[in-house]
Amino acid sequence: RSEAKMKISPDGEYVAFLSPKEDMMCVVIMGLENQEVNVLRGSRADDVHSVHWASNERIVFNLSKHNTYAAGLYANKRGSNRTELLNGTEVVSVVDSLPNDPDYILACVQVAHYGKERLLKYNINTGRI
């Protein structure tokens, strides 16, 4: 699947990629110079489906159930084990990380009740649209 490709941080110092661990797909973040490694996982029932660098310090990721997107968009500060929920009620996929605007991403949100999609600009620190 295309989401499994290695993603390089904007500053080129870290990589993030998906890797299985204990029967779950997780995010591995690794420093290229310092060999620092951090592993992030979804809940017990959800795999990480895709990962994107939002800035040098923050990544955002989606979860999946049975290899399809699950509701939610999550953020993590590189080096931290604390994952923050940005949107837990809708299916959200990242469209662009907006390199010139590192506090925001563009995301496609599926509106469940209407079967339509919306393009929204999310603040990756607060989850605000």
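In what order do the 3 strands of the open sheet stand, and is their pairing parallel or antiparallel? The legends below take up this sheet after an overview of the predicted model.

**Figure 1. The whole protein, an all-strand predicted model.** The model shown is predicted. The protein holds 12 strands and 0 helices. Followed along the sequence, the pattern reads β-β-β-β-β-β-β-β-β-β-β-β. Along the principal axes, the C-alpha atoms fill a box of roughly 45 × 35 × 25 Å. The radius of gyration is 14 Å, which agrees with the value near 14 Å for a compact globule of 129 residues.

**Figure 2. Surface, burial and contacts of the protein.** About 7,500 Å² of surface is accessible, and carbon and sulfur atoms account for 48% of this area. Of the 129 residues, 43% are buried. Contacts between residues at least 6 apart in sequence include 26% that join residues at least 24 apart.

**Figure 3. The open sheet of β10, β11 and β12.** The 3 strands stand in the order β10-β11-β12, and their pairing is antiparallel. The edge strands are β10, residues 91-96, and β12, residues 116-123, each of which pairs on one side only. From one strand to the next, the twist averages 35 degrees.

**Figure 4. The pairing of β10 with β11.** Strand β11 covers residues 104-111 and pairs with β10 in the antiparallel sense. How many bridges does this pairing run over? The two strands are joined over 5 bridges. For a single position to follow by eye, Ser93 stands opposite Cys108, which lies in β11.

**Figure 5. The salt bridge between Arg58 and Glu84.** The whole structure contains 4 salt bridges, and one of them joins Arg58 to Glu84. The closest N and O atoms of this pair are 2.7 Å apart. Arg58 belongs to strand β6 (residues 58-65) and Glu84 to strand β9 (residues 83-87), so the pair links distant parts of the chain, 26 residues apart. Are Arg58 and Glu84 buried or exposed? Both residues are buried.

**Figure 6. A second partner for Glu84.** Glu84 also meets the side chain of Arg82 in a salt bridge, with an N to O distance of 3.2 Å. The two residues fall into opposite classes of accessibility. Glu84 has a relative accessible area of 19% and counts as buried, because the limit for this class is under 20%. Arg82 has 58% relative accessibility and counts as exposed, because that class begins over 50%.

**Figure 7. The salt bridge between Lys121 and Asp101.** The side chains of Lys121 and Asp101 meet at 3.1 Å, N to O. Where in the chain do Lys121 and Asp101 lie? Lys121 is in strand β12, whereas Asp101 is in the loop between β10 and β11. This pair too links distant parts of the chain, with the two positions 20 residues apart in numbering. Lys121 is partly exposed at 38% relative accessibility, and Asp101 is partly exposed at 26%.

**Figure 8. The network of Arg58, Arg82 and Glu84.** Salt bridges with shared partners join Arg58, Arg82 and Glu84 into one network. Glu84 meets Arg58 at 2.7 Å and Arg82 at 3.2 Å. Within the network, Arg58 and Glu84 are buried, whereas Arg82 is exposed.

Conventions. Residues numbered from 1 in each chain as written. Predicted model: local features only at pLDDT ≥ 70, side-chain atom pairs only at ≥ 80, totals over all residues. Heavy atoms only, no water. Pairing = 2+ DSSP bridges. Helix = DSSP H or I, 4+ residues; strand = E, 2+ residues; numbered from the N terminus. Axes fitted to C-alpha atoms, helices over the stretch in contact; angles between N-to-C directions. Rg over C-alpha atoms; globule rule 2.2 N^0.38 Å. Buried < 20%, exposed > 50% of the residue type's maximum accessible area, 1.4 Å probe, protein only. Contact = heavy atoms within 4.5 Å. Areas by Shrake-Rupley, 256 points an atom, 1.4 Å probe, with all protein chains shown as cover.
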